[in-house]
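Colleague: Please take a close look at one part of this model for me, the part where two strands pair. Set the scene with the whole chain before you zoom in.

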Amino acid sequence: CIDPANHLTPDMFEQHVRYLVAHRRVISLTELVEHLQRGEAFPHGTVVITFDDGYLDNLTVAAPILARYGLPATLFLPTGQIDRGETQWIDTVYSIFQFRTHSVLSNVGPVAGTFDLQDPSQSESAYRQECAALLMSSYSDRSELLRLIQDQLQPSQLPTRLTMNWD
């Protein structure tokens with residue numbers, strides 16, 4: 001379960017790719033580095049496509065679309081997360097909020113106050129504040145904060161793993 005703000009449908013991604021093909025010059029990251037090392041200027045509209053976070057759909061959805069259009073891309077993988085077999089924290093917190101069985105969140109981590117998550121504006125505010133706190137947290141603090149949120153909201157399910165593994 002991915003926050004829609006962080007996800008493109010395959011059709012929308014393909015629309016973006018078609019735009020790049022029609023209006024931009026897409027080069028590989030290697031080509032970018034080589035140009036920079038030589039001190040060469042780039043033609044207007046030159047872009048590099050990169051993917052962060054190692055989501056599996058980068059390989060199963062995006063890669064085939066890019067291949068159809070002959071475009072290069074680079075994947076950046078969160079190696080520690082892959083080694084630990086963990087779900088991205090943003091997917092975990094989104095799922096906790098989406099599948100919560102309790103609707104009150106109080107004083108979790110650096111976010112002070114009590115939120116009635118049955119109120120859409122309070123739910124959105126709590127979610128955004130917790131995401132901001134999680135983003136700025138160390139790995140250990142983030143793990144603890146996720147545990148505290150999960151303990152209060154008691155989700156009926158957690159996300160399946162959406163990221164790649166080494167296979």
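Modeller: Charges come first, and they need a convention: Lys and Arg count as positive, Asp and Glu as negative, while His and the chain ends are left out. On that count the protein carries 11 positive and 20 negative charges. The mean positions of the two sets lie 6 Å apart. Keep in mind that this is a predicted model.

Now the fold. The protein holds seven helices and six strands. Read from the N terminus, the order is α-β-α-β-β-α-β-α-α-β-β-α-α. The protein is more spread out than a compact globule, because its radius of gyration is 20 Å, well over the 15 Å that the globule rule gives for 167 residues. The C-alpha trace spans about 55 × 35 × 30 Å along its principal axes.

Next, contacts and surface. Take the contacts in the protein with a separation of 6 or more: residues 24 or more positions apart account for 63% of them. Of the 167 residues, 32% count as buried. The exposed area is about 9800 Å², and carbon and sulfur atoms supply 54% of that.

One buried residue is worth a stop on the way. Glu 14 sits in helix H1, which covers residues 10-23. Its relative accessibility is 16%, and the cut-off for buried is under 20%, so Glu 14 counts as buried. Which residues does Glu 14 touch, leaving aside those up to four places away in sequence? They are Ile 65, Arg 68 and Tyr 69.

That brings us to the part you asked about. Strand S5 takes in residues 104-108, and strand S6 takes in residues 111-116. The two run antiparallel, joined by four bridges. What links S5 to S6 is a hairpin with two residues between the strands. In this hairpin, Gly 109 takes a positive phi near 60°.

Now for the pairing itself. Val 104 of the S5 range stands opposite Asp 116 in S6. Leu 105 stands opposite Phe 115 in S6. For reading these pairs, one general rule helps: in a regular strand the side chains alternate between the two faces of the sheet.

In short, the part to look at is an antiparallel S5 and S6 pair with four bridges, and Gly 109 has its positive phi in the hairpin of these strands.

Methods. Residues numbered from 1 in each chain as written. Predicted model: local features only at pLDDT ≥ 70, side-chain atom pairs only at ≥ 80, totals over all residues. Heavy atoms only, no water. Rg over C-alpha atoms; globule rule 2.2 N^0.38 Å. Buried < 20%, exposed > 50% of the residue type's maximum accessible area, 1.4 Å probe, protein only. Contact = heavy atoms within 4.5 Å. Areas by Shrake-Rupley, 256 points an atom, 1.4 Å probe, with all protein chains shown as cover. Charge placed at Lys NZ, Arg CZ, Asp CG, Glu CD. Pairing = 2+ DSSP bridges.
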